[in-house]
Amino acid sequence: MKKSVVSAALAALAIGVAFAAPAKAADVSACLITKTDTNPFFVKMKEGATAKAKELGVTLKSYAGKIDGDSESQVAAVESCIAEGAKGILIAASDTKGIVPTVKKARDAGLLVIALDTPLDPADAADATFATDNLLAGKLIGEWANKTLGDKAKDAKIGFLDLTPSQPTVDVLRDQGFMIGFGIDPKDPNKIGDENDPRIVGHDVTNGNEEGGRKAMENLLQKDSSINVIHTINEPAAIGAYQALKAVGLEKQVLIVSVDGGCPGVKSVKDGVIGATSQQYPLMMAALGVEAIKKFADTGEKPKPTEGKSFFDTGVSLVTDKPVPGLKSIDTKEGTAKCWG
């Protein structure tokens, strides 16, 4: 009888200890949603997010569109993240307006949503934006092109190789920034294509890849074969444009500028294919985003923007081996040390 009483007491004590033990901290999960999983920019973004998630003990799931502009896959990814109970989402949106209702669902469900690289439209549809100052990135290459041409800038023939017909914010900001830097009135700063400067030959879209850049360049050359300046949304599009120009012997006629700063792009600057590019830092963007989600999960605190700006600025540098007076830049040696992809 005594033995059974002791056993029961020990069992009760064990139960008491079990109930008194502190609960194990819940796992923090996050989602990274990029425009594609092939563009070196987004490959590096994923690398940065993955490394930081491993360091912080965050479970990270990655999703991507099939091509740049594939918003349907991104909408499905956000819905999956909500269903899986993620604490936060990092997203580089393809359709910055179209994704907003789905992002609202995520925020209403308690998820922290951070836009990476590409602000949503409106920007406050996300809890925060971690990005390059894309307007500044455009201004830098626009001003460089203008100063490089000198007196010839007033008679330039300019083509724009943009991203997609939906005009995501990153596309608009770089495009309009280039115009401002070059000395062109962009008219409505939130819209591509309404300007009336006679130097502009036209716009075409590339989907941010080489094939798209080649086709878009061919289309613009049909409009005016005297084009001598090309602004490209990114370096893959710039390479495609160069291929199209070289095929018809016009590669030395045209000054190409771009944005990204990936290692292949910096090499293209060194080789003279691209005159200048604005280098951004996707690994930092994504790593800081994962840190913000972990902090939000632990404390409920949301990230704050850089002082004086509406977003968290992750930096940009002009890369060129042909610097111009009055415009700060780094050469391709330094750009290579900082590049990605």
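These exercises walk through two helices and one sheet of a predicted model.

Residues are numbered from 1 along each chain as its sequence is written, and side-chain values use heavy atoms, without hydrogens or water. In this predicted model, local features need pLDDT of at least 70 and side-chain atom pairs count only at pLDDT 80 or more, while totals for chains, interfaces and linings use all residues.

**Exercise 1. Find which residues of helix 7 are buried, and what covers them.**

Step 1. Locate the helix. Helices (H or I, at least four residues) and strands (E, at least two) are DSSP runs, numbered from the N terminus. Helix 7 spans residues 210-223. From first C-alpha to last it reaches 20 Å, close to the 20 Å expected at 1.5 Å a residue; the expected span is 1.5 Å times one less than the number of residues.

Step 2. List the buried residues (under 20% relative accessible area; exposed is over 50%, partly exposed in between; 1.4 Å probe, protein chains only). In helix 7 they are G212, G213, A216, M217, L220 and L221. They cover an arc of only 165° around the axis, which puts them on the same side of helix 7. The arc is taken over directions from the helix axis to the C-beta atoms. An α-helix has 3.6 residues a turn, so residues three or four places apart point the same way.

Step 3. Find the cover by contact (heavy atoms within 4.5 Å). It includes strand 6 (158-162), strand 7 (200-205), strand 8 (229-232) and helix 8 (235-247).

**Exercise 2. Trace the open sheet and place strand 9 in it.**

Step 1. Read the order. Six strands run 7-6-8-9-10-12, with mixed pairing. Strands pair if DSSP finds at least two bridges between them. The edges are strand 7 and strand 12 (317-319), each pairing on one side only.

Step 2. Check the pairs. Strands 6 and 8 run parallel, joined by four bridges. I158 stands opposite V229. Strands 8 and 9 are also parallel, with three bridges. I230 has I256 as its bridge partner in strand 9.

Step 3. Test burial. Six of the six residues of strand 9 are buried, so this strand is largely enclosed by the rest of the structure. L255, V257 and V259 point one way; I256, S258 and D260 point the other.

**Exercise 3. Separate the buried and exposed residues of helix 4 (residues 100-108).**

Step 1. V100, T102, V103 and A106 are buried. Their arc is only 160°, which puts them on the same side of helix 4.

Step 2. P101, K104 and D108 are exposed on the other side.

Step 3. The buried residues pack against helix 3 (71-83), strand 3 (88-91) and strand 4 (112-116).
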